[in-house]
Amino acid sequence: MSSSFALNGYNRGSGMGEYLCIGDYICLYCEETEGYVYSYQSSSANNGLCIYTNQDRNRPLNIPNAHAVVFQVCIQNRYKLNKKYRKWQALSAAEGSESGIKVMLNQAKLAAEAENKDNMAEQKRQHGKRVRYGEIVQLKHLFTRKFVHMSTTHTSKKDKNNMRVSLHEFNAKNAQFRILPRYKVKSEGEVVQLYDQIVFESVKSPGHYFHSSEPYQIDRFSVGAEVNLGVERSSFTLIGSFRDTPEQEKFVRGGSFIRLFHKELEAYLVGEGLFDEVVTEDVHFRLRAIDQHRPKSLSPSTSGLTYWQIEAEHSILDGDVLRWEQQIRLRHGLTRQYLCIDSKMEVSLLPDSTDPRTVFRLHSVLKERDEIQYESYARIEHMLTGCWLHALKDEDYKKHQYEDGDNEKSMQGLRWDGAEVRKVSASSESIYDDAYTIQRVEPRDIDNFNYVAGMVPFLFNLIQDRKSASQLNARKTHSIITSLKEVKDFMLPEGLPDKDRQKLMRNLRVIDLLVKLLQCPLTSGEEESHLIRVFKEAYDVLHAYMIGKSRKNALYFAKYIDFFQTQFTQKGGIGLNVAQMIVELIRDKRKIVDRITKSHIDIFIQLLRQNQNFRFLDLLQVLCVCDGVAIPNNQTYIVQQWLRSYKDSVYLMDRGQNINKRPNIVYTSTDGGTSWTALHLFVDPLCPEYDEDKYHFLLHQLELLKAFCYGRNDFAIHVITREFGYVTWEDAFLCIQADLLPDAIRARFTELIIGLFVDVGNNYSVLDNPNICFVYDYVGSKDSDREQSQYEKPGTATVDGEVVKDLVTIFPVLRDWMADFLSSNCTMTATLIGHNLLIEQVLRLLHHLVKFGYYMDLDDVRLLLPPLLSLLDGRHDVPFPKDKGKGYSKEGNKAVQHYKTTGRFEKSLETEAIVNAKFQAMEVLDLLLTFQRNLRLKVFVARFKVTEQIAIKKKSQTVLEPLLYETFDPSEQTKKSLKKQKVVLRELREMFHGSAIFIIESTTAILMDLSNYKYDKMVVKSLDILNKMYSSENDMFRLAQQALVLQTHDSARVHREVQRSLPTLRRLARQKLNDQQVQLMSEVLDELAEFCHLPKTPEEPHHMNQNIMISHGTV
């Protein structure tokens, strides 16, 4: 055979040559069934290999994606260390996270990673080596990225005497096969050539070969043969697709996924719909303008709408590098239909790959080489008509889904996608502007897309089974639930939501298919329990889709909310899964919250009364606070309709001395006060009184009470603490002190103390906004703090005539407890997630107290710093606690060392708890830096007041007196001036040193270490504080230049009035207002407006008052 020969009807001399090599991508054509081996399903429950029937070898039809029939030839990989790691993972999942298991799991993980690296290095080393008969290879499927395995435990679905062949992600001996010639004209040791007929023998089970079954109905939509393993052998012809080389990675191949980005319009060519179902939106342009202020827009889109698969015209199997002006087809990834221009010059999608109207050519705008390179510019010519793909820049494309004209205020009328769209057309002339960037789709994004696309056939079959009332047994149910769990885990890698993967669930309409499944009736009889389990798992998948802050995900799904409201009462506990999903749908989505009516809330309250489950508490909670903004109307309505009306469905709490029980122990009652249980027993899993559902209900009730009072809802605070006494100060403080209680419960009570007793009344931030107005009479006096910070004692606001608990009286107790707590918790342990939550909440409490001016004493602040900086220092953290009385073992020490060097920076649920606590500590540190700056500014102004007073009395000249006069020139270079400047600088340095609260070197080292965590907020915050710390002196001088010293009584009065009004204004500006708050805000604004002009002459501005308001940050 010559070195240049025809494959699939085209010349392949420059591509793969004639020999099979390691790393080649090939297709396997079965001679018996006359079809290609394929798999286009992703789930482990549907991972068999099938074979098409009656296909043309050179131009096969009905292939949904070229990747489905392509396999990579890999070397024999090592697998034992990965197998050991999987065993430890299973043991860890079954027995929990004991420190011993944790250590072994960590070691096994490192060993498995090293083995994977070795396998990759060996694959790279042997890449391009010719394969010989008798050698052992592995086959890796391109679509699923899984290896072909044979099973020693499962039989074939079709031929019961044969063993099953399937796809799995891991390496194993089961995945190793010996490549042998079909006919004796070739023998072992000879080089394998493309087009040879070969057989695969299992290494695990010698004498057993790949075998093709008879064609049969594989599922509802496909007919084909099954690949299994038996003593009979089937022969396969090796058809080459492509050989990958590093230097060719920058070129576009047949079968590659690309995006077409119109450079002038800044828009992607897109379509919408789903293969085998419907095209919902024809081809159009979707604008995505690049904006420097939106970092997201600088990266290419990860939406499946924009993906196109480029195919060589002569064969879908040709994976060789494509060239300019070569005939190609463009296949849309979602719909699997081809771009087409018809005789009317209309651009659309067609399913038929043989239609000549689907053939195009790419022309280079700046042709530098023959091969098509990624990120190059192209114009797209239609072969049949000679027309060019053209963007209509001024003609909007009308989306079919928005044509119904539903009311924008209803759930159905919600527009989830606000992107601008334009029409696409064909132009008889090549227009200069119509240049498209051929963007590469990253391999990670292709794998994600293929995974979700591979789940769609499974859902199609499941829905069809339900419609035809196919019998559901335990085995089928298990395989369905396994597949649904895999979809859920796919969206939550490492337990954290992945927005790009969730987006693909929307793009490929998996969400709509799941809703279709859930709309199937729940049949009674034997299979009812199976169907309930399937429905619950489907709701869990939808719940995973909702987790995170994606506005589009929620708005897209909101149209189904009316259907789901009818599902709360479904039998088998399905209603709880519905509630859990709707909670995530509503959470932090203002457009949806605003459409929830009082009648909806009444339904939720009745559901809570009928079924005391924490998920219904969560439903109420997400309606009270939305994305950090309080919704006072909802808060007040729920408090009125539930807390005040149905006390019997609320868990009560009280101290022992009030209910004739043991004093200073908090008790709880779940039956309206009839019986009481000590709280530490109620929440202890080892006690007989423990009930998991009741424990979660209490935990979420505390969360809901916090939401009621968020944003200082005085009515809710009064009902909770005074009128009904659901939580009193004594109860809450006893709970945060109680070591008997779990840390997670103590953390909730700490949050409640903030909401009910600290962030209340007239407490306001004295540090968030710099105060640069000083009343001359008070500068340097003991009254300056009171004048400059609090306009009256904190916490003395009144609600309904009753005084709220005065924080001034309880502050010393809180301060001492926090000092003890922080000094005894100077390091953090990753596995103690509950304890880290408690540390975070204690730091939040500290943050509020510092912010509200309760730590105004320099000595108090200096006492705070050592434990705070120790907590922040991640170099002290450990992955798990020491063994009691033993310390760490040798393996434990290795794990601790690895954790300290790299492990603590990686993203995980454990790291997230630590990161949140450290972030809260940095918030406190930030406030203390502000406190230091404000303190310096006060001292600086006071120094000049003293200097001025001495200068007036003309007793003696102070060091700073020359700076009072305009004649002072800081740039003067005479000897006398330099001497004066030196003395002044020494005086200022002493002032800065005396008010310094940080040791710069050690704090810098801690903050630099924090910037290594792989969490954006940690990097941003640590570097921000570093910047603030090193520029603190400059900041103080900048503020000093803008400072106002007020000498007249009128100016001082305006200053005090503005200072009194501003906290209210700032607080109300951040929340959704009810009528009463609108009235209050109007009064404050009217009062401030009065100050802006001279008394009784509105047309004459009062410049001094205006300056005072500007310096307060009113504008």
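**Figure 1. The whole chain, and how its contacts are spread along the sequence.** Of the contacts in the protein with a separation of 6 or more, 72% come from residues 24 or more positions apart. Keep in mind that this is a predicted model. Its secondary structure comes to 33 helices and 38 strands. Measure out a box along the principal axes and the C-alpha atoms fill roughly 115 × 80 × 70 Å. There are 1115 residues in the protein, and 55% of them are buried.

**Figure 2. Where to trust the coordinates, and where to go easy.** The average pLDDT for the protein is 86, and 94% of the residues reach at least 70. Residues 1-14 are another story: pLDDT stays under 50 there, although the model does give this stretch 34 contacts beyond four places in sequence. A second stretch with pLDDT below 50 covers residues 786-805, and in the model it has 53 contacts beyond near neighbours in sequence.

**Figure 3. Strand S15 and two of its partners.** Here we zoom in on S15, residues 236-243, where eight of the eight residues are buried. Strand S3 (residues 24-30) runs antiparallel to S15, and seven bridges join the two. One to pick out in this view is the bridge between Ile26 and its S15 partner, Gly240. Strand S11 (residues 197-202) is antiparallel to S15 as well, this time with two bridges. For that pairing, look for Gln197, whose bridge partner in S15 is Thr237.

**Figure 4. Ile136 and its surroundings.** Ile136 sits in strand S7, which covers residues 136-141. Its C-alpha atom is 7.3 Å from that of Ile75, a residue 61 positions away along the chain. Leaving out residues up to four places away in sequence, Ile136 touches Gln76, Gln176, Phe177, Arg178 and Val203.

**Figure 5. A three-stranded open sheet.** The strands go in the order S30-S31-S32, and the pairing is antiparallel. S30 (652-655) and S32 (677-678) are the edge strands, each pairing on one side only. Between S30 and S31 (residues 666-669) there are four bridges, in the antiparallel sense. To find your way around, start at Asp654 and look across to Tyr667, its bridge partner in S31.

**Figure 6. Helix H28 and what covers it.** H28 spans residues 1000-1010, and its buried residues are Thr1003, Thr1004, Ile1006, Leu1007, Asp1009 and Leu1010. The cover over these buried residues includes three helices: H24 (858-872), H26 (909-953) and H29 (1016-1030).

**Figure 7. Helices H31 and H32, packed against each other.** H31 (residues 1049-1069) meets H32 (residues 1075-1091) at an angle of about 150 degrees, and the axes are 10 Å apart. The crossing of H31 past H32 is left-handed. On the H31 side, the contact uses Arg1053, Val1054, Glu1057, Val1058, Arg1060, Ser1061, Thr1064, Leu1065, Leu1068 and Ala1069. H32 answers with Gln1077, Leu1080, Met1081, Val1084, Leu1085, Glu1087, Leu1088 and Phe1091. Sorted by class, that contact comes to 11 nonpolar, three polar and four charged residues.

Terms used
Residues numbered from 1 in each chain as written. Predicted model: local features only at pLDDT ≥ 70, side-chain atom pairs only at ≥ 80, totals over all residues. Heavy atoms only, no water. Axes fitted to C-alpha atoms, helices over the stretch in contact; angles between N-to-C directions. Left-handed = near helix turned anticlockwise from the far one by under 90°. Contact = heavy atoms within 4.5 Å. Nonpolar A, V, L, I, M, F, W, Y, C, P; charged D, E, K, R; others polar. Buried < 20%, exposed > 50% of the residue type's maximum accessible area, 1.4 Å probe, protein only. pLDDT = per-residue confidence, 0-100. Pairing = 2+ DSSP bridges.
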